[in-house]
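Q: Please take a close look at one part of this model and describe how it is arranged. Please explain each term as it arises.

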Amino acid sequence: MREKILKITKLKNKKRLVCLTAYSKNIATILDDYCDIILVGDSMANVLYGMENTHKIKMETIINHAISVSKGIKKSLLVVDMPKGTYKNISEAVKNARIILKKTKCDAVKIESNNNNFRIIKKLVTLKIPVMGHVGYTPQFTKKFKVQGSNKTDSQRILTEAKKIQSAGAFSIVLECVKSETSKKITKILKIPTIGIGSSKECDGQILVTDDILGLSGFYPKFVKKYVNLKKIIKDAVISYSKDVIKKKFPRRKNSY
Ligand code: KIV
């Protein structure tokens, strides 16, 4: 297993994994010192491109953002989401994962589980393509948002799915919007690190969409903590600039040639 991946897996039960999304070099450069994993998520469909869901984001678009992000990363593990429709079968998955790895130089790809693509994960891992799994709420396959693992049957279903993903060789797994007790159980049973989003502190690590924690996206469900209101900070800066331009206060002599 690649060195960087091994380092992440060894952190289970030792240090909480800090993970965030990035879609550009500038943001990745800031995150890199503080994150274990940086994900170029297909959430960019909603967050950046204003799409209704993640279903139509193109692989080419994700690759272009990942190339930008990779330029800002020195130490974090770079994971790139495989968009919907790019891993429908083994041969498509292998072909597309190889393109993503080659073009972006990422360390791993992330695949959402549809409870049926374990063989795809296994094949990729056999070909030395590291895979991060993703269970619970999986936006590529689930139409309506719903908290996952709320009853015994559902909890058992997710646990079984997570175990199969681990057996297929994934090095870590995202648990999205999974009930605390279920996350706790899965995290305890699995040997690979679990990374929660809306899945309680019971996971081995946490991931959030960076635009959400910065107050840029306007998307604030219960599981998001807004650490700063960047929207307001940017707005204030733009208002000041606009006033300066109108009043001819900018540019000054020092800004001119
Ligand atoms: O696309 C994404 O950003 C994700 C995270 C929310 C886990 O999959």
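A: The C-alpha centres of domain 1 and domain 2 lie 39 Å apart. Domain 1 covers 3–226 and domain 2 covers 230–257, with bounds from an automatic or database domain assignment. Residues are numbered from 1 along each chain as its sequence is written. The model is predicted: local features need pLDDT of at least 70, side-chain atom pairs count only at pLDDT 80 or more, and totals for chains, interfaces and linings use all residues.

The part chosen here is a set of helices (DSSP runs of H or I, at least four residues, numbered from the N terminus). Helix α4 (residues 59–70) and helix α5 (residues 90–104) have axes that come within 9 Å and cross at roughly 30°. Axes are lines fitted to C-alpha atoms over the stretch in contact, and angles run from 0 to 180 degrees between N-to-C directions. α4 is therefore roughly parallel to α5, a term for angles under 35 degrees. Met59, Ile63, Ala66, Ile67 and Ser70 of α4 meet Asn96, Ile100, Lys103 and Thr104 of α5; contact requires C-beta atoms, placed from the backbone, within 7 Å.

α5 also packs with helix α6 (residues 118–126), at an angle of about 45° and with the axes 9 Å apart. These two helices are therefore oblique to each other, that is, outside the ranges under 35, over 145 and 65 to 115 degrees. On α5, Ile90, Ala93, Val94 and Ala97 make this contact, and on α6, Arg119, Ile120, Lys123 and Leu124.

Notes
Contact = placed C-beta atoms within 7 Å.
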